[in-house]
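Visitor: I should be grateful for a close look at the aromatic rings of this structure. Please explain the reasoning as you proceed.

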Amino acid sequence: MYFLGLGVRHLKGVTCGLCLLLFLGATRGQDDHHVLRLHNDIIRNNNPNVRPVKNSSDSITVSLELYLLSISNFDDVTQTVTANGFFLVSWKDEFLTWNASEYGGISEINPDYGKVWRPYITVWNQVVDAEPLGLDFGVMKVTAEGIVTWSPGDTFKTFCQMDVTNFPLDEQECTYETFDWRNGLKEVDLRSTNNSIGLSLYNSNSQWDITNTSASRVVFGNSGKYFPWVYYKMSLKRKPSLAILTTLLPVLVLGLVNVVVFLIPVESGEKVSFAITVLLSFTVSLSFVTGMLPQNGDSLPMFTIFLVGLFIMSSLYVFLTIWIVQVFHRDSAIRPVPSWMGRMTRSWERCIFGTPAVGTEILSLDKKSNESWNPPPMTWKRVSRMMSRIFFFLFFMLFIITTVGFFLKISYF
């Protein structure tokens, strides 16, 4: 009896499920029937080439919203931004209205986008294929009140005028210039629904942060005809970590190492070769940085000026190093050190090393008699060593001051 009761309950459950499916299928069939009738009555005879206004003198208000999905590429050299996104476009079609109660309560449909009038929305500043959106694909929704919602999506590769003065701490402003390619203000009035770009679906970029967005409407006139434009602007701030680690930091270390050339003893024989090697390294760094920045003269990066300055200083180091080596190998017997140069060298030695003044009388404990102490003769080697130290302190301070000024300029000015 137990198994018999279980079988009866199971049979009742299956029967209820079948009845529910049949009811849902019948309801769905009725809905499809109303949708088909709605398409036949309204959509089939609709002309997509005619503006959907009953009074031809009326203008159609088209509302725009721009939503960004991602920024796939930001090319500093060609000054182009490649982004993925879509527009949410809406307007009222006076020809596509119906009474929902006459069509089984159907309040909205999704017609073929080729059967409905739509504005020729175009992003003007695209680099390639500046053509109206949604020519080959589009999703539309029409309500019983005639409100049409269209969502054309695309990959937008647009031109963005860059200002790299403060690279790598720079900020850029890029714009999407939209207008109706076919209609003027009397036919279509473009307006932005929001005063910003929609970022609710945006996937963050690894190199740039979007700090601010805005939307504005501008009307331009030409030969008595006016055209509304909608500008979507976004402010981008570069993430400097990668640029600092791969570009700025190596240049700073190279500039610091370059000053050390004056501390290398002439006797090592590597003084001149070290200076030339660092100079070649700066040449490679300059070509690398130049290749990754925009190829135009509108803005000159402070980093490039800083790098050129280090390159000029490195070239000067080579000449000074060669001169120091030449002075080091001069023969004092053939060409004595001038007296003024000797006095200057001794003064710097007293200032830096604290050596006793020339002419100090020292009492000889061995002979128990007073005799004047004659300083060792001035040689070119002493002059060379002292000039190396002077140049080191001089150019080291110049490097520190230049570096601090560079960072203050790109950070606060």
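Guide: What follows is an account of the aromatic rings, and then of two loop residues. The model is a predicted one.

In total, 25 aromatic pairs are counted. One of them joins F156 and Y176: their ring centres are 6.2 Å apart and their planes meet at 70°. Planes over 60 degrees apart count as edge-to-face, so this pair of F156 and Y176 is assigned to that class. Where do the two residues lie? F156 belongs to strand β7, whereas Y176 belongs to strand β8, so the pair ties together parts that are 20 residues apart in sequence. The next point is whether these rings are open to the surroundings. Buried means under 20% relative accessible area. F156 has a value of 1% and is therefore buried. Y176, also with a relative accessible area of 1%, is buried.

A further pair is formed by F392 and F393, whose ring centres are 5.5 Å apart; because their planes stand at 70°, this pair is edge-to-face. In accessibility, F392 counts as buried at 15%, while F393 is partly exposed at 46%.

Aromatic rings may also be linked into a group. Ring pairs connect W124, F179, W181, F220, W229 and Y231 into a cluster. A ring can have a charged partner as well: the charged end of R330 sits over the ring of W380, at 4.7 Å from the centre of that ring.

Let us now turn to the loops. Strands β7 (153–159) and β8 (171–180) are joined by a loop that contains N166. N166 has a relative accessible area of 19%, and because buried means under 20%, N166 counts as buried. Which residues does N166 contact, when its neighbours within four places in sequence are left aside? They are K409, I410 and F413.

A second loop, between β9 (188–192) and β10 (208–222), holds Q207. The relative accessibility of Q207 is 39%, so Q207 is classed as partly exposed. When residues up to four places away in sequence are not counted, Q207 touches K237, R238 and K239. For one of these partners, K237, the separation along the chain from Q207 is 30 residues, and the C-alpha atoms of the two are 8.6 Å apart.

To review the two loop residues, N166 is buried, whereas Q207 is partly exposed.

How values were computed. Residues numbered from 1 in each chain as written. Predicted model: local features only at pLDDT ≥ 70, side-chain atom pairs only at ≥ 80, totals over all residues. Heavy atoms only, no water. Helix = DSSP H or I, 4+ residues; strand = E, 2+ residues; numbered from the N terminus. Buried < 20%, exposed > 50% of the residue type's maximum accessible area, 1.4 Å probe, protein only. Contact = heavy atoms within 4.5 Å. Phe/Tyr/Trp six-rings, centres within 6.5 Å; stacked < 30°, edge-to-face > 60°. Lys NZ or Arg CZ within 6 Å of the ring centre and 35° of its normal.
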